[in-house]
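Hi,

Here is the structure I promised to pass on. Have a look at it first, and my notes follow underneath.

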Amino acid sequence: MEAYSDFAYVYDIFMDNTPYEKWGGFVLDRLRRAGIEDGILLDLGCGTGNMTELLADAGYDMIGVDLSEEMLNVAMEKRACSGHEILYLAQDMREFELYGTVRAVVCFCDSLNYLLEEEELAQCFQLVNNYLDPGGLFIFDFNTVYKYETVIGDATIAENRDNCSFIWENFYDSEDQINEYDLTVFVEEDQKEGLYRRFTETHYQRGYRLDQIRRLLEESGLAFVEALDADTMQEVTEKSERIFCIASEHGKCGTGEAK
């Protein structure tokens, strides 16, 4: 499981088309439908804190967990600007620890796809169930096998910005359903001299099917609630690329500390 390092500091530049407002609107709608209008939420795999800040803006007390300290450094810079009292923790989503339970857990931008084995997903889901309040929600997304296999697998993507550019090369292993992507980033260091710094990172993500996710949720003690195609907000199809999924805590009664 790779942690973002140098790429963390240009991550938001290249993710400027990510529809965080749309995703956040979906999360807020489902939280409010469940009567979760305040309290503590956990943003798991929070990255640079975009979703964390959005939910803090909506009045929730936020905790952000991410493995990459560099991503969290960027998130904390945003926190300093917004003034939100967000607690950020550098932890692995397979082993995260909280002081108590939370009303909901969110996990977006294909963070769960970095877990390459079903056993790792199960570990994460079990911890989510453990740290949720009775009846609390787990709202997350994941990229599908179809997306890696058909849409981005073995594709090369290049983009330019004013002072940086990147080349994103994908290599898909259909047997393991794992996508390797090599990022080569060029960041302007000296505009006058036209000097750029080059760095590379390699990441691995695995595609999952909805039936796999649902089975692992239920085996981990969570109750499956709903799944939607993230692009159409309609029923999931065999060509869905990103899926929004909702599960709820199951098995606790009353309130109190996590088990």
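**The annotated stretch**

Over residues 42-136 the chain is 38% helix and 25% strand, with the end C-alpha atoms 11 Å apart. I picked that range because UniProt lists residues 42-136 for "domain: Methyltransferase", in an unreviewed entry. Keep in mind that this is a predicted model.

**The sheet**

There is an open sheet of seven strands, in the order β3-β2-β1-β4-β5-β11-β10, and the pairing is mixed. Its edge strands are β3 and β10 (223-229), each of which pairs on one side only. On average, neighbouring strands in this sheet are turned by 15 degrees against each other, direction ignored.

Going in from the β3 edge, strand β2 (residues 61-66) and strand β3 (residues 87-90) pair in the parallel sense over four bridges. If you want a residue to click on there, Val65 stands opposite Leu89 in β3. Strand β1 (residues 40-44) also pairs with β2 in the parallel sense, over five bridges. In that pairing, Asp43 stands opposite Gly64 in β2.

So how do you get from β2 to β3, and what is the hand of the β-α-β unit? The two strands make a right-handed β-α-β unit together with helix α4 (residues 69-82). α4 lies across β2 and β3, and runs at about 170 degrees to β3.

**Aromatic rings**

A search of the whole structure turned up twelve aromatic pairs. One to look at is Phe125 with Phe138: the ring centres are 5.8 Å apart and the planes are at 70 degrees, so this pair is edge-to-face. Phe125 belongs to helix α5 (residues 118-131) and Phe138 to strand β5 (residues 132-143), so the pair ties together parts that are 13 residues apart in sequence. Are these two rings buried or exposed? Phe125 is buried, with a relative accessible area of 0%, and Phe138 is buried with a relative accessible area of 0% as well.

Then there is Phe140 with Phe142. Here the centres are 6.5 Å apart and the planes are at 35 degrees, so the pair counts as tilted. Phe140 is buried, and so is Phe142.

Elsewhere, ring pairs link Tyr20, Trp23, Phe26, Phe108 and Phe244 into a cluster. I'd colour those five and turn the model around them for a bit.

**Two backbone oddities**

Which residues other than glycine have a positive phi? Gln177 is one of them, with phi near 60 degrees. You will find Gln177 in the loop between β7 (164-173) and β8 (178-190). Its relative accessibility is 17%, and the cut-off for buried is under 20%, so Gln177 counts as buried.

Met233 is another: this residue has a positive phi of about 60 degrees although it is not a glycine. Met233 is found in the loop between β10 and β11 (242-248). With a relative accessible area of 28%, Met233 is partly exposed, whereas Gln177 counts as buried.

That's what I have for now. Shout if something doesn't open properly.

Cheers

Note on methods:
Residues are numbered from 1 along each chain as its sequence is written. This is a predicted model: local features need pLDDT of at least 70, side-chain atom pairs count only at pLDDT 80 or more; totals for chains, interfaces and linings use all residues. Side-chain values use heavy atoms; hydrogens and water are left out. Two strands pair if DSSP finds at least two bridges between them. A crossover is right-handed if, with the strands pointing away from the viewer, the path from the first strand over the helix to the second runs clockwise. Rings of Phe, Tyr and Trp (its six-membered ring) pair if their centres lie within 6.5 Å; planes under 30 degrees apart count as stacked, over 60 as edge-to-face and the rest as tilted. Buried means under 20% relative accessible area, exposed over 50%, partly exposed in between (1.4 Å probe, protein chains only). Axes are lines fitted to C-alpha atoms, for helices over the stretch in contact, and angles run from 0 to 180 degrees between N-to-C directions. Contact means heavy atoms within 4.5 Å.
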